[in-house]
Amino acid sequence: MWHLRRWSVPAYSKAIEVDGLVRRFGDFTAVDGISFDVEPGEFFGFLGPNGAGKTTSISILCTLLNPTAGSARVAGHDVVTERDAVRSSIGLVFQEITLDDYLTGEENLRFHAVLYGLRKEQVQERMPPLIEMVGLSDWVDKQVRFYSGGMQRRLEIARGLLHAPRVLFLDEPTIGLDPQTRTHIWDYIEDLRHRESTTMFLTTHYMDEAERCDRIAIIDRGRVVAIDTPDNLKASVGTDTVTITTDDEEAARVAIARELDVEGEHCSSGLRLRVPEGEKFVPRLFDTPGVGVQSVSVRRPSLDDVFIKYTGRDIRDAESDSVDQFKSSGMVQAFRKR
Amino acid sequence: MTTAEAADTAGATAASAASSSGRDGRFVHNARTVYMVWYREIIRFLRSPARIVSGLAQPILFLVVLGAGLNPLVGDSSEGVTYQEFIFPGVLAMSVLFSSLFSAISIVWDREFGFLREMLVAPVSRTGLVLGKAAGGGTVAVMQGVILLVLAPFIGVSLDAFQVLGVFALLLLLAFALVAFGIVLASRMQRMESFQMVMALVVNPMLFLSGALFPLNDLPTWLAFLTRLNPATYGVDAIRRVMIPGAPAVTIFGWPVPIWLDVVIIFTMGVAMLAMSVRSFRKVD
Ligand SMILES: Nc1ncnc2c1ncn2[C@@H]1O[C@H](COP(=O)(O)OP(=O)(O)OP(=O)(O)O)[C@@H](O)[C@H]1O
Ligand SMILES: [Mg+2]
C-alpha cells in the first residue's frame, strides 16, 4: 500500500467534526445536540459555566464515552467505530488528576510513553525539556504522592505533550497553578503548537487563556450558544461597561434608572452600567441629579462580558461570587468608609 | 497556501513520521504495554510495605495460631499428618486468594482516582491492559505465597525441590485464575465501598468452602455440593497433594479427581474469566 502513504495524501480536512452530538445520563441531557468543526492546527476554546457539558463532550471526542445520538470525527476518524485510530491521534490532559501516586514523576511519564508506543530515543529526546519546562527537574525521581497539587498538575501537562499528539485536548489544564507557571506553560504549549502544528481543544475559566484561542465556542446547558473569534464575540456584545463609585450607590442606581433608563448592578468595584457607547454616556452621568460620581472607569467589552451575555453568568462564577460576598459583608464596608 | 492547508500538510507529515519510523510496531507496542502494566503492579506492591505485612497477617494467624490451637484437638490423620501440616497448603492457597482478589480489585481504586482513564484513552489493546494487570496481580500474589512457603521448615514440613517447584507452579496458576476472576468482579463495581461486600460475599465463602481448613470427603451433602462448585477447592486439592504425597484426593460422587483435572479446571476458569474481563473492558458506556 505504498501509494497510501500519509504524506502524499492529506489525512483529513477537519481536525474535529462534531455533528448533532447528544449525550443523556438517564433522563438528564448533558450534551444537547452540539455541532461544530475545528480546523487542523486551530486553537479552539470551549467555554461554559460549570455543568455545561464540556467534560462530557471531551469524553465523547476522546472515546471514553459513547454519544447517545449524533456523530463526531477526530483527526478524520469516527469516535465510535474507529476508536483505536482516534486514540493514537490524540492527547488528553484531564480535568482531574490521573497520575499513579506510588510511581515517581519519571515513571509516570515512561508508563505513558510505552502506552503510546514511543521509542526509547524519542523519550530521551522529548522528556528532559518537558520536565524542565514544568519545573520538575528536581522532583522527577520522587513519588507523585509527595508532590503538591500544582506540581501534579504540571506533571500531567508534560505527560499530555510527551507523545506529540496531533489533536490535544486540555480540560482546564492550568487550574490551581500560579500565574507565573501558567505563563511559562502557555509559552511552551504555543511554541510546541507552532512547531508541530498541533490542533488544540481547550476548556478554561481563565479569560487570558481564552484570549489566545483562534475561535471560541460558548456552551451552556449542553448547547452551543455562540461560536466565533474572540474579537467578533466581543464586538457582538455591543455595550461598554461603565463602573462608577459614589457616596450612595443604591441612591445612584435608582436615579440613573429613573433619569437615564439604564439598569445598574452592584458589584465589588461599585456600580456597573452597561451602555452602547461608554465615552458618550459619561458626560450625561455627571449631569444627572442625585448621582454624585466619585470615580468612573469605562471598559470595552471583554470575554467576561461575552460570557455573561450568552450564559447570564460570570465566567469565574463560584470564585467571584464568593469574593463579591466577602467584599459586601459588613466588615469590609465599615473598613472602606474610613 | 492557507494556514489550514499548511498545518494539515505538516500534521500529515508528522503523522507519517509517527506511524512509519517514530513509533513501535503493533506487536512490540502491545508486548511493552503488558510489561509496563505488570511492572507498575510490582512497583506498587514493593512500595507499600503495609500491604505486604497485612497480606501475611491473616494466613500466619491461621497457620500458627489456629493450627497450633487445634493440633491437640484434631489429632494426626491416618497418614500421620498434623492438623497444622494439613492446613499449610490451604493457608498458601488462602494467601493467594486474598492477594489476587485484592490486586484485581485495585482496578476500582484506579477508576476512582482516574488512572484507569489514562490507560483507557491510550491506543493500546484492552487485552494487553487486562493481561498486564492479571500478570502483575498474579505475580504479587505468588510473592506473598512464596514468603509463606519459607515458613515450611518451622512447622515441620520438609519439601524437596520438585515439590517446591510444583507448588510454585500451582500457586502461579491459581493466582492467575483468581486475578482474572477478580477483574471481572472489579469491572462491575463502581466504588471501593463494595470491597467489604466482596470480602464478605466472595472471598470468605471461597476460603471456607475450599477444603483449606478441613477435609472435604465426609461432609453433609449440601456442604459437599457447595465445596465442589468452588474453583478454589481444586487449587487447594492440587497443592495439598503435591505437598503431602498420599493425601486423599477430593472426590466427585465418590470419584477421586486426578491432579491434572484440578489443573484443567483452574486453567479453564482462568481463561474464561480473562475473556470476560477483556470484553467488559472493551465496552464503553
Ligand atoms: N456519569 C454521569 N452520570 C450522570 N450525570 C453526569 C455524568 N457525567 C456528567 N454528568 C452531568 O452532566 C452535566 C455536565 O457535566 P460536565 O462534567 O460535562 O460539565 P462541565 O461543563 O465539564 O463542567 P465543569 O466546568 O464543572 O467541569 C453535569 O450536570 C453533570 O452532573
Ligand atoms: Mg469539566
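**Magnesium site, strands and cores**

User: What makes T55(A) and Q95(A) the protein donors of the magnesium ion (ligand 2)?

Analyst: T55(A) (OG1) and Q95(A) (OE1) lie 1.8 to 2.1 Å from the ion. Donors are N, O and S atoms within 2.8 Å of the metal (3.2 Å for Na, K and Ca), so both oxygens qualify. Water is not among the atoms, so the site may look incomplete. This is a predicted model: local features need pLDDT of at least 70, side-chain atom pairs count only at 80 or more, and totals for chains, interfaces and linings use all residues. Residues are numbered from 1 along each chain as written, chains are lettered from A and ligands numbered from 1 in the order written, and side-chain values use heavy atoms, without hydrogens or water.

User: Why is it said that this pair ties together parts of chain A?

Analyst: T55(A) lies in helix α1 (54–61), and Q95(A) in the loop between β6 and α3 (105–115), so the pair links parts 40 residues apart in sequence. Helices (H or I, at least four residues) and strands (E, at least two) are DSSP runs, numbered from the N terminus.

User: T55(A) and Q95(A): why are they called partly exposed?

Analyst: Buried means under 20% relative accessible area, exposed over 50%, and partly exposed in between (1.4 Å probe, protein chains only). T55(A) has 26%, and Q95(A) has 31%. Both values fall in the middle class.

User: How do you know that β7 and β8 of chain A pair?

Analyst: Two strands pair if DSSP finds at least two bridges between them. Five bridges join β7 (167–171) to β8 (199–203), so the criterion is met. The two run parallel. One of the bridges sets L168(A) against M200(A).

User: Which strands of the open sheet stand at its edges, and why?

Analyst: The order is β6-β7-β8-β3-β9-β10 in chain A, with mixed pairing. β6 (90–93) and β10 (223–228) each have a single partner strand, so one side of each lacks a neighbour in the sheet. The twist averages 15° from one strand to the next.

User: Why is β13 of chain A called largely enclosed?

Analyst: Five of its six residues (270–275) are buried, so the rest of the structure largely encloses the strand. β13(A) also has antiparallel partners: five bridges join it to β11 (240–246), and three join it to β12 (265–267). T241(A) is bridged to R274(A), and C267(A) to G270(A). A hairpin of two residues joins β12(A) to β13(A).

User: What makes a set of residues a nonpolar core?

Analyst: A core is a set of buried Ala, Val, Leu, Ile, Met, Phe, Trp, Tyr and Cys residues joined through side-chain atoms within 4.5 Å. The largest has 119 residues; I16(A), F36(A), V74(A), F169(A) and F201(A) touch the most other members. Helix α4 (83–112) of chain B gives the most to this core, with 16 residues. A second, separate core of 44 residues includes L99(A), A113(A), M133(A) and L202(A).

User: What does F36(A) touch, leaving aside residues up to four places away in sequence?

Analyst: Contact means heavy atoms within 4.5 Å. With those sequence neighbours left out, the residues touched by F36(A) include I16(A), F44(A), F46(A), F201(A) and V224(A). E17(A) is also among them.

User: How many of the residues of chain B count as buried?

Analyst: The figure is 53% of 285 residues. Chain B has 11 helices and two strands.

Technical notes:
Axes are lines fitted to C-alpha atoms, for helices over the stretch in contact, and angles run from 0 to 180 degrees between N-to-C directions.
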